[in-house]
Amino acid sequence: QVQLVESGGGLVQPGGSLRLSCAASGIMPSTYVMGWYRQAPGNQRQFVARITYNDNTNYADSVKGRFTISKDNAKNTVYLQMNSLKLEDTAAYYCNIQALSFNSWGQGTQVTVSS
C-alpha cells in the first residue's frame, strides 16, 4: 500500500499563495488518481482537485482559475498550487490516492487564510 504525507500548510493572508505537497511512499500502481480534498469544521470533506496517472486534471468550481494540481513522477509527489486565497479556503487539506485495489489518505495539513 502507498503512504501519503502532506506538507506546506500554514497561515496566509487573503490574496496570498501556498503550495501544498503530497509525498507518496511505497510501490506506485501503474494507473491511479490522486487528489486533494478539504474539510472545514462543521463541514463535509469536499473535493478540490485531482490528477490521473496520465495527467488529466479536474477541479472543483470553487477553485478553478486559482488552484493548480500537478505531479512530479520522479519524486512521487503531487502538488497543489493555491493562489488568490480566500477566507473560505480555510480548511484541513487531505491528499488521496485511488487505485484499482486500494485507497489511501494522508493525515492532512492545515491551511488558514486570515487577515
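Where along the chain is phenylalanine 102 placed? Look in the loop between strand E9 (91-98) and strand E10 (103-105). Before going further, keep in mind that this is a predicted model. Despite its place in a loop, phenylalanine 102 counts as buried, because its relative accessibility is 18% and the cut-off for buried is under 20%. Its contacts, leaving aside neighbours within four places in sequence, are Gln1, Val2, Pro29 and Ile97. Lysine 75 is another matter: it sits 27 residues away from phenylalanine 102 along the chain, and the two C-alpha atoms are separated by 21 Å.

Now step back to the whole chain. There are eleven strands and zero helices, so reading from the N terminus on you get β-β-β-β-β-β-β-β-β-β-β. A compact globule of 115 residues would have a radius of gyration near 13 Å, and the chain agrees, with 13 Å. If you draw a box along the principal axes, the C-alpha atoms fill roughly 40 × 25 × 25 Å. Of the 115 residues, 42% count as buried. The chain exposes about 6,200 Å², and carbon and sulfur atoms supply 46% of that. Sequence separation is worth a look too: take the contacts between residues at least 6 apart, and 53% of them join residues at least 24 apart.

What about the inside? The largest nonpolar core has 31 residues, and Met34, Trp36, Leu80 and Tyr93 are the ones with the most contacts inside it. The elements that give two or more residues to this core are strand E3 (18-25), strand E4 (33-39), strand E5 (46-52), strand E7 (67-72), strand E8 (77-82), E9 and strand E11 (109-113). Methionine 34 makes a good place to zoom in. Not counting residues up to four places away in sequence, methionine 34 touches a long list of residues, including Leu4, Cys22, Ala49, Ile51, Ile69, Val78, Cys95 and Ile97. Ile97 is one you have already met, as a contact of phenylalanine 102.

Next, follow E4 and its partners. E4 pairs with E5 in the antiparallel sense over six bridges. These two strands form a hairpin with six residues between them, and glycine 42 in the turn has a positive phi of about 80°. E4 also runs antiparallel to E9, with seven bridges joining the two. Arginine 38 shows both pairings at once: it stands opposite glutamine 46 in E5, and its bridge partner in E9 is tyrosine 93. Tyrosine 93 is also among the residues with the most contacts inside the core.

Staying at the end of E5, you will find threonine 52 in that strand. Threonine 52 counts as buried because its relative accessibility is 16%. Leaving aside neighbours within four places in sequence, threonine 52 is in contact with Tyr32, Val33 and Lys71.That last contact leads to the charged pairs. How many salt bridges are there? The count comes to four. In one of them, lysine 71 meets aspartate 55, at 3.1 Å from N to O. This pair links distant parts of the chain, with aspartate 55 in the loop between E5 and strand E6 (57-59) and lysine 71 in strand E7, 16 residues apart. Is each partner buried or exposed? Lysine 71 is buried, because its relative accessible area is 17%, while aspartate 55, at 46%, is partly exposed.

Arginine 38 comes back here as well. Its salt bridge is with aspartate 89, and the closest N and O atoms are 2.9 Å apart. Here too, distant parts of the chain are linked: arginine 38 belongs to strand E4, aspartate 89 to the loop between E8 and E9, and their positions lie 51 residues apart in the count. Both arginine 38 and aspartate 89 are buried.

Another salt bridge brings together the side chains of lysine 64 and aspartate 61, at 3.2 Å from N to O. Lysine 64 counts as partly exposed at 48% relative accessibility, and aspartate 61 counts as exposed at 64%. Finally, salt bridges that share partners join Arg38, Arg66 and Asp89 into one network.

Methods: Residues are numbered from 1 along each chain as its sequence is written. This is a predicted model: local features need pLDDT of at least 70, side-chain atom pairs count only at pLDDT 80 or more; totals for chains, interfaces and linings use all residues. Side-chain values use heavy atoms; hydrogens and water are left out. Helices (H or I, at least four residues) and strands (E, at least two) are DSSP runs, numbered from the N terminus. Buried means under 20% relative accessible area, exposed over 50%, partly exposed in between (1.4 Å probe, protein chains only). Contact means heavy atoms within 4.5 Å. A nonpolar core is a set of buried Ala, Val, Leu, Ile, Met, Phe, Trp, Tyr and Cys residues joined through side-chain atoms within 4.5 Å. Two strands pair if DSSP finds at least two bridges between them. The radius of gyration is taken over C-alpha atoms; the globule rule is 2.2 Å times the number of residues to the power 0.38. Accessible areas come from the Shrake-Rupley method with a 1.4 Å probe; for residues, only the protein chains shown count as cover.
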